[in-house]
Amino acid sequence: MKNENPTAAERCLAFIDESVSAFHAVENIENRLIQQGFRELKESSRWEISPGEGYFVKRNDSSLIAFRIPSAEAKGFHIVASHSDSPCFKLKAGDETLVEKSYVKLNVEPYGGMIYATWLDRSLSVAGRLVCREGDRLVSRTVNIDEDLLVIPNLAIHLDREMNKSLAYNPQVDLQPLLSVCPAREEREGEGASDEKNGQDPKERSNILMKKAASYAGVEESDILGKDLYLYVRDRGRLAGAEKELMISPRLDDLECVFASVESFLEDEPGEYVSVCAVFDNEEVGSQTKQGAASTFLKDTLERIGEGLDKPGSEYRRMLAESFMISADNAHGVHPNHPEKSEPCAKPYLNQGIVIKFHGGQKYTTDGYSEAVMRDICLRAKVPCQSYCNRSDIAGGSTLGNVSSSQVSIPAVDIGLPQLSMHSPYETAGVMDTCYLTKVAAHFYSACIRAGEGGCYEVV
């Protein structure tokens with residue numbers, strides 16, 4: 001029976017289940033925005049924006065920035081940023097290979113920092129986007145081959161008795177997924193059938209995946225001129241734990257934060273600030289793309305909003321000085337089997353609140369002022385918050401805040417929701433933390449954060 005009143009965690013899992021690639025995540029957000037009356041703007045067109053209205057703009061169909069103009073004069077921007085991509089395998093050129101005249105494998109490469117072993121012996125499929133010829137135009141279409149299609153089979157322990165002691169996977173050798181098994185020779189040669197008719201010809205075999213992709217996308221295979229296709233696990237997200245207090249799901253990093261930021265963005269009316277919900281692609285590979293946080297996408301969008309509000313030059317820069325950004329990307333929770341991997345004095349736990357992230361080398365953008373603003377917002381929203389920093393002897397990753405600051409210099413804080421098994425295809429997080437971020441982000445969008453003397457801020 002369908003749950004008529006799903007919780008925030010259940011809605012989050014449903015969103016993630018439908019967002020099998022960055023392109024699908026952005027498409028799902030776009031559909032919600034349109035349902036709420038938001039209007040799409042094109043980067044190649046003139047923008048006309050009005051007070052009290054909502055808009056969104058996409059880049060590459062995998063990044064999206066939505067914004068809502070307040071009815072009163074806008075003093076600045078309140079931005080929540082997250083990312084649409086997750087570590088996975090990406091389809092390489094050449095698509096398929098025939099092995100031993102018996103197996104057809106896909107040709108893939110790692111995208112982002114993956115835990116290789118967790119992808120083996122799972123049901124997998126392919127999703128992403130196709131760029132197709134449609135008359136005299138090229139159009140982008142999302143595609144999800146919604147079936148159990150692939151598996152990356154492990155080598156049997158009988159053939160490698162040492163695999164439980166030390167096993168290093170070679171992605172070119174060990175991690176190519178199995179797509180199909182060719183028919184037996186007797187079947188191929190039966191009743192005078194030719195190898196070509198039975199699909200044994202390598203050229204014919206090379207089209208298996210694209211034939212399926214074309215069928216699911218509703219296009220002719222010959223019209224597909226480009227593609228960005230990724231593997232995803234077929235496991236659906238679910239609630240777990242003794243009290244169903246856990247969420248286990250693919251792509252929690254970072255679609256959990258994407259979901260919470262979109263929910264809060266749609267719930268709250270802006271006060272004196274332009275509410276901005278930014279979702280960037282390619283964070284997992286460094287953000288150095290035209291649609292990544294290091295691109296001009298946010299900068300271009302904010303400048304054009306300023307122009308639309310008749311805030312040129314110094315007036316626009318005054319808006320930036322009054323602005324604030326929350327960079328939301330999940331954080332490492334204390335691991336129950338390896339608590340020693342956490343910083344002894346900053347241990348975030350699942351279901352215990354927002355995590356504020358710090359790094360001495362500025363891989364996280366949090367400083368004393370932005371920390372204070374975030375803690376104050378959490379207090380006002382009555383949401384607990386925690387701290388995270390790396391052990392000094394363990395190198396950590398970076399995220400959106402410091403990268404986007406190179407393009408748009410505004411006060412920012414890096415936060416996240418605590419999770420386990422980060423960068424596994426099936427991750428674990430706390431049910432309550434999704435609610436906490438939704439509540440905090442909604443409070444932030446409607447709050448008034450004013451710049452004060454000496455770089456301090458006033459939250460009212």
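This is a tutorial dialogue on reading sheets, ring pairs and single residues in a predicted model.

User: What should I know about the model before I start?

Analyst: Residues are numbered from 1 along each chain as its sequence is written, and side-chain values use heavy atoms, with hydrogens and water left out. The model is predicted, so to speak of a local feature a pLDDT of at least 70 is needed and side-chain atom pairs count only at pLDDT 80 or more, while totals for chains, interfaces and linings use all residues.

User: Let's begin with sheets. In what order do the strands of the nine-stranded sheet run?

Analyst: Some terms come before the case. Helices (H or I, at least four residues) and strands (E, at least two) are DSSP runs, numbered from the N terminus. Two strands pair if DSSP finds at least two bridges between them. Here, the nine strands form an open sheet in the order β1-β2-β3-β13-β4-β14-β18-β16-β17, and the pairing is mixed. The edge strands, β1 (39–41) and β17 (385–388), each pair on one side only.

User: How do I see the mixed pairing around β13, and is β13 buried or exposed?

Analyst: Buried means under 20% relative accessible area, exposed over 50%, and partly exposed in between (1.4 Å probe, protein chains only). Strand β13 (residues 273–280) is mostly covered, with eight of its eight residues buried. Strand β3 (residues 63–68) pairs with β13 in the antiparallel sense over five bridges. In that pairing Arg 68 stands opposite Ser 275, and Phe 67 has Val 276 as its bridge partner. Strand β4 (residues 76–83) pairs with β13 in the parallel sense over eight bridges, with Ser 82 opposite Val 279. As a general guide when you look along a strand, in a regular strand the side chains alternate between the two faces of the sheet.

User: Which helices lie on this sheet?

Analyst: Two terms help here. Contact means heavy atoms within 4.5 Å. Axes are lines fitted to C-alpha atoms, for helices over the stretch in contact, and angles run from 0 to 180 degrees between N-to-C directions. Helix α2 (residues 22–35) lies across β1, β2 (54–59), β3 and β13, running at about 20° to β3. Helix α9 also packs on the sheet, where it touches β14 (324–328), β16, β17 and β18 (412–416), and its direction makes about 175° with that of β16.

User: What is the strand order in the five-stranded sheet?

Analyst: This open sheet has the order β11-β12-β20-β19-β15, again with mixed pairing. β11 (238–240) and β15 (331–332) each have a single partner strand, so one side of each is left without a neighbour in the sheet. Strands β19 (residues 418–420) and β20 (residues 427–430) run antiparallel and are joined by two bridges, with Gln 419 opposite Ala 429. Helix α6 packs on this sheet against β12 (246–249), β19 and β20, at about 35° to the direction of β20. Helix α11 touches β11, β12, β19 and β20, and makes about 65° with β20.

User: Now the rings. How many aromatic pairs are there?

Analyst: Rings of Phe, Tyr and Trp (its six-membered ring) pair if their centres lie within 6.5 Å; planes under 30 degrees apart count as stacked, over 60 as edge-to-face and the rest as tilted. The count comes to 11 aromatic pairs. Phe 89 and Trp 119 have ring centres 5.4 Å apart and planes at 85°, so this pair is edge-to-face. Phe 89 is in strand β5 (residues 88–99) and Trp 119 in the loop between β6 (103–111) and β7 (124–134), 30 residues apart. Phe 89 is buried at 1% relative accessible area, and Trp 119 is buried at 2%. Phe 265 and Tyr 445 are also edge-to-face, at 5.6 Å centre to centre and 70° between the planes. This pair joins helix α6 (residues 252–267) to helix α11 (residues 431–446) across 180 residues, and both rings' residues are buried.

User: Which charged residue lies over the face of Phe 265?

Analyst: A charge sits over a ring if NZ of Lys or CZ of Arg is within 6 Å of the ring centre and within 35 degrees of the ring normal. Arg 68 lies over the face of Phe 265, 5.6 Å from the ring centre. The charged end of Arg 304 sits over the ring of Trp 47, 4.2 Å from its centre.
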